[in-house]
Amino acid sequence: SKEAGRNSHHFFEQSMLNAVIQKHQLVEDLRHSLANDHFELYYQPIVNLLTNKMCKAEALIRWNHPERGLIPPNEFIAIAEEVGLILEMGEWVARTAASDLAQFKKLGAADDFQISINVSPVQFKGHGRWILDWFKYTEALGLPRDAIIIEITENLLMESEDSVRAQLTKLKKRGIAIAIDDFGVGYSSLSYLQKMDVDVLKIDKSFVDELENEKNSRELCQVIIMMAHHLDIQVVAEGIENAAQKQILTNAGCEFGQGYLFSKPLPIETFKKQYFIHSSP
Ligand code: C2E
Ligand code: CA
Ligand code: CA
Ligand code: CA
């Protein structure tokens, strides 16, 4: 009826309005939390699949919301990107990860231990001054230049914009390693991996999930691993949850893995205790 139509119209408007208010509130909260240090980095080990030893770790952001508790990144990164707050957040991540790494080194992390951080494509769209500021910061901490990996998405690699390329080159020149995150879900091609001198390729969890049941996924992973090694690129498989997946990947020649089978992302104190502070007898 006409009446019902008008009601649903009102309902629709009301729910849209609520969504706008909620988003506005979220942005305000993000701003407030950035100013008040309400974020944390969790660390998830990346292991050598042959020795099961940790050799790298990925830093993953968590929002410690004053009222709502711990909020995962999927609930705020996209909005932070949309309103530009990702720039400030990204700088916080890069600095915090660097000073955390300096701590891990003091606690006895191996010389070739690396941490990897996620950098949003939006962070590459600006002037890139954060890179120079951050270089100064890492230098002051005395960190080895090749101890940090920056994870970008493969679509960024395909960007034709010169400024994006220039920034990636600047990072590479300083010895920062570049990893392609979520590999296989975007559109990158072999030639780009080679041209940009990529160091690490991370096979997306969606392929790892299918390894046991899909012959196609197994074959695709095999090809990716072979091709990467041919180009002298390390391969990390993401989201390994069981021993069967690990076995298939090891058979295919994959060297590194990350996933709940080894460890979930851990708060820094737990991470330090489990991996660096060994009680001596
Ligand atoms: P990602 O970079 O692909 O990170 C891997 C995600 O998979 C993490 O989710 C991790 O907790 C989860 N994961 C790892 N192993 C397993 C597993 O075995 N099973 C399952 N089910 N999940 C696993 P998280 O921490 O919620 O992060 C989600 C996404 O948020 C990340 O995906 C990344 O794109 C983004 N993100 C996280 N931290 C940052 C950051 O500091 N900056 C930016 N720009 N993005 C970030
Ligand atoms: Ca990542
Ligand atoms: Ca990933
Ligand atoms: Ca992913």
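Ligand 1 occupies the largest pocket of this predicted model (a pocket being, on a 1 Å grid over the protein atoms alone, an open set of points with protein on both sides within 12 Å along at least five of seven lines; a molecule sits in it if more than half of its atoms lie within 2 Å of its grid points). Residues are numbered from 1 along each chain as its sequence is written, and ligands from 1 in the order in which they are written. Local features need pLDDT of at least 70, and side-chain atom pairs count only at pLDDT 80 or more, with hydrogens and water left out.

Around ligand 1 there are 21 residues, of which Ile61, Arg62, Asp181, Glu241 and Tyr260 come nearest (near: a heavy atom within 4 Å). Strand E2 gives the most to this shell, four residues (strands are DSSP runs of at least two residues). Polar contacts (N or O pairs within 3.5 Å) reach oxygen atoms of ligand 1 from the backbone of tyrosine 260 at 2.8 Å, and from the side chains of arginine 62 at 2.9 Å and glutamate 58 at 3.2 Å.

Glutamate 58 also serves the calcium ion (ligand 2), whose protein donors are Glu58, Asn118, Glu151 and Asp181, at 2.1 to 2.3 Å (donors: N, O and S atoms within 3.2 Å for Ca; water is not among the atoms, so sites may look incomplete). Glutamate 58 lies in strand E2 and asparagine 118 in strand E4, so the pair ties together parts 60 residues apart in sequence. Aspartate 181, in turn, bridges this ion and the calcium ion (ligand 3), 3.8 Å apart.

Technical notes:
Donors = N, O, S within 2.8 Å, 3.2 Å for Na, K, Ca; no water. Polar contact = N/O pair within 3.5 Å; in protein donor to acceptor, adjacent residues only side chain to side chain. 1 Å grid on protein atoms, 1.4 Å probe; cavity = no way out; pocket = protein on both sides within 12 Å on 5 of 7 lines; lining within 4 Å.
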